[in-house]
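Student: I am new to this structure and would like a close look at one part of it, the sheet in chain B and what packs around it. Please take me through that part in one connected answer.

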Amino acid sequence: MRKEGPMILTVLSALVVLFNNYFFLGQKWGLADPLNNWFQLSWGIALALGFINLTSIHWKYVQRRREGWFYSIVIMVCMYGYLILGLEQTHNGPQFDWIYQNIFTPLMSTIFALVAFFITSAAYRAFRVRTKEATVLLLCALFVMLGRAPIGDAIWGGWSKFVSNWLMGVVNMAGYRGIQLGAAIGGFATALRIMLGLERAHIGGTGTQ
Amino acid sequence: MERLMKIDRRILYLVAVVVLVLVLFFPLGLPVKVSDLTQKTYNGIQNLPDGSLVIISPMYDAGSQGELMPMFVAMLYQCAERHYKIVIGNAQWAMGPQLCHPYVEKILKEQYGYQYGVDYIEFGSKPQFTVWANSALSDFPGACLTDYNNQPINQFPIIKSIPKISKEYVAATLVLDCGTPGARDWLAYVNQGTGIPLYVGEIQMSVPEMMPYVASGQYAGMIAGSRGAAEYESLIGHTGKALKSQDVMSVIALLVALYIVLGNIGYLTRKK
């Protein structure tokens, strides 16, 4: 029953949601409403589980004096300190909001700002015209990149915009349509396999049947 | 020439930083021409009926606010100029409403005299988009329960204008998207079924995969990346961060192109 139980739950939940979404009676009866509430609760529980897991991992690092264990202490102090502050003040509290706006937000923005430098370095090291296909890809990338910035208009007039728009609106779109159609069909097939119990990886099985 | 392939990356970073700083102090002032897509998006929102109610959903976090916040601000200015009723909030992106809140207060309340709860409301961030969206389609106040300040949402007069998300009550949804859940989820769960037009502000990285939705008309309009945000700011007549950053964008694009060319010159002239 260890594997059959979760599978039965998965199938029943999927059937309820399907019936609720695709049939008028399902929507009228509101069959999926309790499921929706339980889903929200499970999300909150998962968050708490993440907290406990992080604490467990980093506490072990501190106990064993693993390399960088000081940063584990920093993580836990920040994590629990901010949690207690949030519980005391809610998100509108002055100190909570100050930390959020002036420390957390700039830190997150900084991490993403660093990507710009990685891209410049990666462009220099990785974009090589090794094959004809790579050359075509490179030229397209250059046109789209410069076409999206005002400098493209300044250098080539309307041509950069025209080429950039054509590449994005025709070539790229055709490719992405194919990819998204394939992904949607693949996702549907996987969902069907999970509902029929053929796919067991999500309940700790050995994969597919 | 082969040395061109082996330039220390610290030099590349240094050149990038120096160029960036120089442009900030000595802007190029390059003109930003408005694209058809941005113009279409602007016209679509501008031509909504008087007194319309719009939902603006900032589905992003601090990492993407560089590109999306100027779009949010521009949309806010446009909606305020047209005196639309505005409902702001999202699901599953807890940072979005908190990042936007100072701008909402400054623009709507202070500059345009909007009254909270009457002309606009912020419902904050709710957990689980699919669950929230399914509920909001039949009972918006029930799906939200509380506003941004944790007050019962039913007490505000504006909520009576939106008993549920449907075309009857909502003129348009403006979604600023940087991941999942995002504009595609709004389309799948809300806009496709209700017929409410969906206008999207998208980060440049995701623009290529959103183009099919624009071409098919499922997105009524799209502001594409930082360049789109700059075009939008020029349309509404408000010079914001996006317009100011276009010179930097231009210079960085040119620098990356130069690096690619240098690297390839070194590669092609190397001794085999």
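**The sheet of chain B and its surroundings**

Tutor: This is a predicted model. In chain B, helix α2 (residues 36–46) lies across the strands β4 (172–177), β5 (198–202) and β6, and runs at about 130° to β6(B). Helix α3 (residues 65–81) of chain B also packs on the sheet, where it touches β1 (53–59), β2, β4, β5 and β6 of chain B. The direction of α3(B) makes about 160° with that of β4(B).

The sheet under these helices is open and has six strands, with parallel pairing. Read across, the order in chain B is β3-β2-β1-β4-β5-β6. Its edges are formed by β3 (120–126) and β6 (221–224) of chain B, each of which pairs on one side only. From one strand to the next, the twist averages 15°.

One pairing can be followed in detail. Strand β2 (residues 85–91) of chain B is joined to β3(B) by six bridges, and the two run parallel. Within this pairing, B:Val87 stands opposite B:Ile121 of β3(B).

B:Ile86 leads from the sheet to the nonpolar core. Apart from neighbours within four places in sequence, B:Ile86 is in contact with B:Val54, B:Ile56, B:Cys79, B:Leu108 and B:Tyr120. The largest nonpolar core has 96 residues, and B:Ile86 is among the four that touch the most other members, together with B:Met71, B:Phe72 and B:Ala253. Helix α3(B) gives this core its largest share, 10 residues. At least three residues of the core come from each of domain 1 (2–23 + 252–268) and domain 2 (36–251) of chain B.

Beyond the sheet, chain B meets chain A. The contact takes 45 residues from chain B and 41 residues from chain A. On the side of chain A that touches chain B, α3 (33–63), α5, α6 (132–147), α7 (150–156) and α8 (158–195) of chain A each supply at least two residues. The most comes from α5(A), with 14 residues.

Helix α5 (residues 94–126) of chain A also has a partner within its own chain, helix α4 (residues 69–89): their axes come within 8 Å and cross at roughly 135°. The two helices are therefore oblique to each other. Where they meet, A:Tyr82, A:Leu85, A:Gly86 and A:Gln89 belong to α4(A), while A:Gln95, A:Phe96 and A:Ile99 belong to α5(A).

Note on methods: Residues are numbered from 1 along each chain as its sequence is written. Chains are lettered from A and ligands numbered from 1 in the order in which they are written. This is a predicted model: local features need pLDDT of at least 70, side-chain atom pairs count only at pLDDT 80 or more; totals for chains, interfaces and linings use all residues. Two strands pair if DSSP finds at least two bridges between them. Helices (H or I, at least four residues) and strands (E, at least two) are DSSP runs, numbered from the N terminus. Axes are lines fitted to C-alpha atoms, for helices over the stretch in contact, and angles run from 0 to 180 degrees between N-to-C directions. Two residues are in contact if their C-beta atoms, placed from the backbone, lie within 7 Å. A nonpolar core is a set of buried Ala, Val, Leu, Ile, Met, Phe, Trp, Tyr and Cys residues joined through C-beta atoms within 7 Å. A residue is buried if 20 or more other C-beta atoms lie within 10 Å of its own, exposed if 12 or fewer, and partly exposed in between; C-beta atoms are placed from the backbone. Domain bounds come from an automatic or database domain assignment. Angles under 35 degrees count as roughly parallel, over 145 as roughly antiparallel, 65 to 115 as roughly perpendicular and the rest as oblique.
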